[in-house]
Amino acid sequence: MTHAPVPVNIADKLSQFSDLWSQKKIADVNDYEVKIAKLKGEFVWHTHEDTDELFLVISGRLTIQLRDGDVVLGPGELFVVPRGVEHCPVADEETAILLLEPTGTLNTGDAGGPRSKTPEAL
């Protein structure tokens with residue numbers, strides 16, 4: 001017996017957690033994970049040598065610091081950080097984002113360290 005397809009409600013998923021800088025996997029697309037996270041403050045400068053990284057702001061404002069200038073995103077805006085480009089996400093207020101990146105991509109990229117986390121499935 002098969003189950004009827006069920007859409008993923010992003011707002012509902014976001015209401016299920018409050019921890020910051022902790023990615024939650026909400027779907028898979030081929031070899032990619034669709035993840036959401038809540039951010040506030042500054043992350044770490046890092047690079048993903050083998051993959052681009054898509055950031056979509058759901059609520060709040062996100063600044064993606066790049067060595068050659070900042071990209072500021074508001075709700076409904078997205079930016080793709082190209083592979084190999086060093087970046088550092090910063091959110092002055094609590095910000096909810098959606099990320100799209102290959103399965104197994106480490107959130108801290110080449111930087112590693114104590115803020116590295118594997119996404120949890122929601």
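Here are three short exercises, each with a worked solution, on the structure above.

The model is predicted, so local features need pLDDT of at least 70, side-chain atom pairs count only at pLDDT 80 or more, and totals for chains, interfaces and linings use all residues. Residues are numbered from 1 along each chain as its sequence is written, and side-chain values use heavy atoms, with hydrogens and water left out.

**Exercise 1. Find the residues with the most contacts inside the largest nonpolar core, and the elements that give two or more residues to this core.**

Step 1. Start with the term: a nonpolar core is a set of buried Ala, Val, Leu, Ile, Met, Phe, Trp, Tyr and Cys residues joined through side-chain atoms within 4.5 Å. Buried means under 20% relative accessible area, exposed means over 50%, and partly exposed lies in between (1.4 Å probe, protein chains only).

Step 2. The largest core has 15 residues, and Leu39, Phe55, Leu62, Ile64, Leu73 and Ile97 have the most contacts inside it.

Step 3. Two or more residues each come from strands E2 (32-42), E3 (53-59), E4 (62-66), E5 (69-73) and E7 (87-102). Strands (E, at least two residues) are DSSP runs numbered from the N terminus.

Step 4. Apart from this core lies another, of 7 residues, including Leu14, Ile26, Val34 and Ile36.

**Exercise 2. List the contacts of leucine 73, leaving aside its neighbours within four places in sequence.**

Step 1. Contact means heavy atoms within 4.5 Å.

Step 2. Under that rule, leucine 73 touches Phe55, Val57, Gly60, Arg61, Leu62, Ile64, Leu78 and Phe79.

**Exercise 3. Which residue forms a salt bridge with lysine 24, and which with arginine 83?**

Step 1. In a salt bridge, a side-chain nitrogen of Lys or Arg is within 4 Å of a carboxyl oxygen of Asp or Glu. The structure holds 6 of them.

Step 2. Lysine 24 pairs with aspartate 19, with the closest N and O atoms 3.1 Å apart. Lysine 24 is buried at 3% relative accessible area, whereas aspartate 19 is partly exposed at 31%.

Step 3. Arginine 83 pairs with aspartate 52, at 3.7 Å between the closest N and O atoms. This pair links distant parts of the chain, 31 residues apart: arginine 83 is in the loop between strand E6 (78-81) and E7, and aspartate 52 in the loop between E2 and E3.

Step 4. Both partners are partly exposed: arginine 83 at 48% and aspartate 52 at 32%.

Terms used: Helix = DSSP H or I, 4+ residues; strand = E, 2+ residues; numbered from the N terminus.
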